[in-house]
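Please open the model in your viewer and keep the sequence panel at hand. The tour proceeds by selections, each followed by a description of what is found there.

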Amino acid sequence: MAVNNVTLSKLQSLNGIFAIYKKQGPTSADVLNTLKHKLLKEAGVVNPNCRKRKKQVLKIGHGGTLDSNASGVLVVGIGEGTKMLTTMLAGSKKYTAVGELGKATDTLDCTGNVVQEKGYDHITSEVLQEKLKEFTGEIMQVPPLYSALKKDGKRLSVLLKQGHEVEAKPARPVTVYNLSVQDFNLPHFTLDVECGGGFYVRSLVDDLGKALNSCAHVRELTRTKQGQFTLEENVLREECWTFQDISQSLQPCPEPASQQNSSKKGKPYSKPTQPGSESSGGDHNHDSAKSASGDHND
């Protein structure tokens, strides 16, 4: 029996994108499965298997993986909205990152093992702020080994945990629009980062530590903005993961090109590709409806 008059067909009629809050701890895939489970349960579906990829009764995907250690804005597509994630999230992303100097880890964040320790007493706030200029604009960045990027169809992070040897992906161009120091209290520092897609805050902090003749890793990471969605104004907390709340906050899909005036020719929308993801920082990873249970990173 449906709860609150919400039926499965009503739930399946939702098409668009919205933003939820991902807390620190679970993977992005775990959060998505929790969301799907809550919605299907509200619609009266008994014991929904949200991890089953085939014959899903509800299409849900996210538009930018956050690492399990990260929190903040996670943009979700539902129904036809899963096809629009790439198009509608073309804008910049913002993060607040807390870094720790003096220790480097294999995952580039606090979840990994410490692999190096170096002094940091020579670093001042002024020195840090000056060094940030080298990491602003169009730069080249090597993605972390522990990431949602894939090799032969498997995530690098999974391969590493299984004991396989993994080579680093080649450096790729990324964009940093703004980068500033919000707080400085050795050995910790807090950065505000505004970047484009494919950017990893974990790599930034690791590279920054090396550039300062020390080493560093990410202690905390929060995504505060993705596309048009901000942490302060748009995200739905878990208690609001309901049909009514989502319906009210849903950004509808643009009208398909085929339904527009024939004089306004537009490219048909296609499914988003699965670019790399971001884990600690910046970036991104698209899970389409098919891979809604896929995982992680930013």
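The stops below begin with confidence and then move to a helix, the nonpolar cores, the backbone exceptions and the cysteines.

**Confidence.** Colour the chain by pLDDT, bearing in mind that this is a predicted model. The protein chain averages a pLDDT of 81, and 73% of the residues score at least 70. Among the elements, strand β11 has the highest mean value, 98, whereas strand β8 (residues 150–151) has the lowest, 56. Next select residues 257–297, where the pLDDT is below 50. This stretch nevertheless has 156 contacts in the model beyond near neighbours in sequence.

**Helix α2.** Select residues 28–42, which form helix α2. The helix has 15 residues and reaches 21 Å from its first C-alpha to its last, close to the 21 Å expected at 1.5 Å a residue. Display its side chains: S28, A29, V31, L32, N33, L35, K36, L39, L40 and E42 are buried. To see what covers these buried residues, add α1 (8–12), β1 (16–22), β2 (60–62), β3 (70–78) and α7 (243–249), which are included in that cover. G44 follows the helix and has a positive phi, near 90°.

**The nonpolar cores.** Now select L179, F189, L191, V193, F199, V201 and L208. These residues touch the most other members of the largest nonpolar core, which has 27 residues. Strands β4 (93–101), β10, β11 and β12 and helix α6 each supply at least two residues of this core. Another core, of 21 residues, lies apart from it and has F18, L35, L39 and A43 among its members. Two of these names, L35 and L39, were already met among the buried residues of α2. In soluble globular proteins, nonpolar side chains tend to be buried together.

**The cis peptide bond.** Which residues does a cis peptide bond join? Select L186 and P187: the bond between them is cis, with omega about 5°. P187 lies in the loop between β10 (172–185) and β11 (188–195). With a relative accessibility of 18%, P187 counts as buried because the cut-off for that class is under 20%. Leaving aside neighbours within four places in sequence, P187 is in contact with G99, E100, L101 and Y120. Draw a distance from P187 to G99: the two are 88 residues apart in sequence, yet 8.2 Å apart in space, C-alpha to C-alpha.

**Positive phi outside glycine.** Most residues other than glycine have a negative phi, and most peptide bonds are trans. Select L108, which is not a glycine but has a positive phi of about 70°. L108 is found in the loop between β5 (103–105) and β6 (114–117), and it is buried, with a relative accessible area of 11%. Then select N213, also not a glycine, with a positive phi of about 60°. N213 is placed in the loop between α6 (201–211) and β12 (216–226). Is N213 buried or exposed? At 57% relative accessibility, N213 counts as exposed.

**Cysteines.** How many disulfides does the structure hold? The number is zero. Finish by selecting C110 and C195. C110 counts as partly exposed at 28% relative accessibility, whereas C195 counts as buried at 0%.

Note on methods:
Residues numbered from 1 in each chain as written. Predicted model: local features only at pLDDT ≥ 70, side-chain atom pairs only at ≥ 80, totals over all residues. Heavy atoms only, no water. Helix = DSSP H or I, 4+ residues; strand = E, 2+ residues; numbered from the N terminus. Buried < 20%, exposed > 50% of the residue type's maximum accessible area, 1.4 Å probe, protein only. Core = buried A, V, L, I, M, F, W, Y, C linked by side-chain atoms within 4.5 Å. Expected span 1.5 Å × (residues − 1). Contact = heavy atoms within 4.5 Å. Disulfide = S-S within 2.5 Å. pLDDT = per-residue confidence, 0-100.
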